[in-house]
Amino acid sequence: MRTVLFILAALAVIGSGYWAYRENYQTQDELDRAQGLRAEITGARERLAILRAEWAYLNRPDRLRDLTELNFDKLGLIPLRPDQFGRIDQVAYPLPPEIDISEGVDISSVGASNP
């Protein structure tokens, strides 16, 4: 009986060792994957920062003003003046759609669904 218990104990130790070995490698793989994702995110953030800087550089008011002056004949742009802006109460919002109520409502079906 002791021999069977020793064999079972040895199998349990071997099995738990195999499980620990497998879990260790799966954990290392997931950590490598997470590190790769972090590197990808860092690269994307750097690219985004560069794109934002380029956008800010290209949208400088003095640069845009010079471009409009250079292309005045082609674009027909005029400088903005304060009197060209309106107030919010001057905005014409669309009216909600009208509901046709010329047909009657069937009252018998209204209360039928409620017990």
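The pLDDT is the predictor's confidence in each residue, given from 0 to 100, and it is the score by which this predicted model is first described. Across the protein the mean pLDDT is 86, with 90% of the residues reaching 70 or more. Among the elements, helix α1, which spans residues 2–58, has the highest mean pLDDT, at 95, whereas the lowest, 62, belongs to helix α4, formed by residues 107–110.

On the surface, a nonpolar patch of about 770 Å² is made by Met1, Val4, Leu5, Ile7, Leu8, Leu11 and Ile14; of these residues, Leu8 is found in helix α1.

The largest pocket holds about 210 Å³ of space, and its lining consists of Arg65, Thr68, Glu69, Phe72, Leu77, Ile78, Pro79 and Leu80. Helix α2, covering residues 61–70, gives the most to this lining, with three residues. By character, the residues of the lining of the largest pocket divide into five that are nonpolar, one that is polar and two that are charged.

Definitions and conventions. Residues numbered from 1 in each chain as written. Predicted model: local features only at pLDDT ≥ 70, side-chain atom pairs only at ≥ 80, totals over all residues. Heavy atoms only, no water. Helix = DSSP H or I, 4+ residues; strand = E, 2+ residues; numbered from the N terminus. Patch = residues over 30% accessible without salt bridge, like charges linked within 9 Å, V, L, I, M, F, W, Y side chains within 5 Å. Areas by Shrake-Rupley, 256 points an atom, 1.4 Å probe, with all protein chains shown as cover. Salt bridge = Lys/Arg side-chain N within 4 Å of Asp/Glu carboxyl O. 1 Å grid on protein atoms, 1.4 Å probe; cavity = no way out; pocket = protein on both sides within 12 Å on 5 of 7 lines; lining within 4 Å. Points joined across faces, edges and corners; volume = space filled by probe spheres on them. Nonpolar A, V, L, I, M, F, W, Y, C, P; charged D, E, K, R; others polar.
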